[in-house]
Amino acid sequence: MPIISRRTLLKGSAAAATSFALGAGLAARNGIAAPTPVLLKAQFTEARLAADGVTPKIMTYGLGDGTATGVPPVLRMKKGEPFAARLLNALDEPTTVHWHGMRIVNSMDGVPEMTQPYVYPGDGFDYAFTPPDAGTFWYHPHCNTLTQMGHGLTGVIVVENPADPIFDAEIVLNLRDWRLGRGGEFLPPFKPRDAARGGTYGTVRTANWQQEPMHQAPAGGLLRVRLAATDVTRIYILGIEGATAMVVALDGNPVDAPFPLDRLDFGPGQRVELIVRMPDDEGAVVKLGNFRGSSPFTIASITATGQSLKRDIRDVRPLPANPIAEADLSTAEKIPLDFTATAEHAPSPSICGTIGYTFWAINKVPWPGDTPDPVAPLSDLKLGKSYVLQVRNRTPHAHPIHLHGMTFRILKSNTRKILPPPTDTILLQPDEQAELGLVADNPGDWLLHCHIIEHQKTGMTGYFRVA
Ligand code: C2O
Ligand code: CU
């Protein structure tokens, strides 16, 4: 087994410490105070997620003194300002932190073997970067993810933009399911026959670790709701009852023209930002719900409080755009990417866990897991050059395909009429074929994988090398 030596680990941390120091130096030159790292402690906790018992050994991130109970903290950052976090691993297995959707330097991306060493129990790692984009993002481990994320280790990131309009209230919702049996104990994280299909669903559905939580917001006010789908499997069709809501951002990027929320596909890894016009009557209840599948359910409800603020939903304007480069289609090279099922075989074991099966592949190659010696990149990309990824879902299941470190634009698709703003995740529908334009503007090795974690872990992963 390719166990990393303690020396390599220290070397890795030293490299991280250097980049932390670099970040601080840069900040000082810009007249911005060097950030004090946020202490982010990966640790065990317990909580009452289901009615019939307390769930032990939930994994979560504790901030600061680490006395976290309940939902992992929302990390707040500012666009263009340096951020730093010190991960401390108080779990009983290696972990890392990946900053999902953030276009940051490769060495901070959190992928073991590829961008950083494993962080063993009792050890730490310093992350430092400057978020270039404002919006809603999230953070999670990139090691033994089916278990670690399935057991709770996910948090939402809000990158604030001082240029954003001010709303009357804001709610951040971390949406996830839990696979719990009787008494609130964790069930095995997956069933092989489901992993080979749409993925294994949890048994308890929550927002911020609560079933159908009730929130409040000023009557007649404009409420900003940030939702992140951090579940390992569930795809939502998002809708609202009792109010009108405008979709203002998807996957961390503002839409050009806000549009009313009707039924919106929303898969693992993705984010949605809404502006809800709360009803005028005190006590009126707005419900956010999932309308996918045969039994729709309420995700969260919001009660109007106080006297109406009498805001006008027509005052909702597009949010300021992020600085995403547009692909030059006249020179872009085309790269076909086929997402398929593959013949079953056992993958090699890895420090970050394997679930023991291979069901999926990209361009016929199933990912072997996190190893010091991975397969070749899907393609070598030239730094600064434009590309068109021709993605084809050749399966009857939906796959939320996520690219690390870079943002792409869906240029066309055979299944959708409205194209979203630039994104890090495309929820590829069954048999969908789409073209994704991107500029390879971030050097390093960047993973591309399905965010249904069972699919990611059973072969549907690859990477690009940008140099
Ligand atoms: Cu949410 Cu590989 O990422
Ligand atoms: Cu998938």
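Trainee: Where is Lys-364 found?
Mentor: Bear in mind that this is a predicted model: local features need pLDDT of at least 70, side-chain atom pairs count only at pLDDT 80 or more, and totals for chains, interfaces and linings use all residues. Residues are numbered from 1 along each chain as its sequence is written, chains are lettered from A and ligands numbered from 1 in the order in which they are written, and side-chain values use heavy atoms, with hydrogens and water left out. Helices (H or I, at least four residues) and strands (E, at least two) are DSSP runs, numbered from the N terminus. Lys-364 falls outside such runs, in the loop between β21 and β22.

Trainee: Is Lys-364 buried or exposed?
Mentor: We go by relative accessible area: buried is under 20%, exposed is over 50%, and partly exposed is in between (1.4 Å probe, protein chains only). Lys-364 has a positive phi of about 70° although it is not a glycine. With a relative accessibility of 76%, Lys-364 is exposed.

Trainee: And what is the relative accessible area of Asn-363?
Mentor: Asn-363 sits in the loop between β21 (360-362) and β22 (379-381). Its phi is positive too, about 45°, although Asn-363 is not a glycine. Asn-363 is partly exposed, and its relative accessible area is 29%.

Trainee: Which strands stand at the edges of the five-strand open sheet?
Mentor: Two strands pair if DSSP finds at least two bridges between them. Here the order is β21-β20-β23-β27-β25, with mixed pairing. Two of these strands have a single partner each, so one side of each is left without a neighbour: these edge strands are β21 and β25 (409-413).

Trainee: By how many degrees are neighbouring strands of this sheet turned against each other on average?
Mentor: Axes are lines fitted to C-alpha atoms (for helices, over the stretch in contact), and angles run from 0 to 180 degrees between N-to-C directions. For this sheet the direction is ignored, and the average turn is 20°.

Trainee: What is the bridge partner of Lys-412 in β27?
Mentor: β25 runs antiparallel to β27 (residues 433-439), and four bridges join them. Across that pairing, Lys-412 has as its partner Glu-435.

Trainee: Which residue of β18 stands opposite Ile-240?
Mentor: Look at β13 (residues 236-241), where five of the six residues are buried. β13 has three bridges to antiparallel β16 (residues 264-266), where Ile-237 partners Asp-265. It also has four bridges to β18 (residues 285-290), again antiparallel. There, the residue opposite Ile-240 is Leu-288.

Trainee: In β15, what is the bridge partner of Val-247?
Mentor: Six strands make an open, mixed sheet in the order β10-β9-β12-β17-β14-β15. β10 (204-207) and β15 (253-260) are its edges, so each has one side without a neighbour in the sheet. β14 (residues 244-250) runs antiparallel to β15 with four bridges. In that pairing, Val-247 meets Phe-259.

Trainee: Which residues are the protein donors of the copper ion (ligand 2)?
Mentor: Donors are N, O and S atoms within 2.8 Å of the metal (3.2 Å for Na, K and Ca); water is not among the atoms, so sites may look incomplete. The spacing in sequence is H-x50-C-x4-H. Lying 2.0 to 2.1 Å from the copper ion are His-399 (ND1), Cys-450 (SG) and His-455 (ND1).

Trainee: How many residues apart are His-399 and Cys-450?
Mentor: Both of them are buried. His-399 is in β24 (residues 399-403) and Cys-450 in β28 (residues 444-450), a link between distant parts of the chain, and they are apart by 51 residues.

Trainee: What is the volume of the largest pocket?
Mentor: On a 1 Å grid over the protein atoms alone, a cavity is a set of points where a 1.4 Å probe fits but cannot get out, while a pocket is an open set with protein on both sides within 12 Å along at least five of seven lines; lining residues have an atom within 4 Å of a point. Points are joined across faces, edges and corners, and a volume is the space filled by probe spheres set on the points. The largest pocket has 43 lining residues, with Leu-250, Phe-259, Leu-264, Ile-418 and Pro-420 nearest its centre. Its volume is about 910 Å³.

Trainee: Which element gives the most to the lining of the largest pocket?
Mentor: By class, that lining has 25 nonpolar, seven polar and 11 charged residues. (Ala, Val, Leu, Ile, Met, Phe, Trp, Tyr, Cys and Pro count as nonpolar, Asp, Glu, Lys and Arg as charged, and the others, Gly among them, as polar.) With seven residues, the top contributor is β15.
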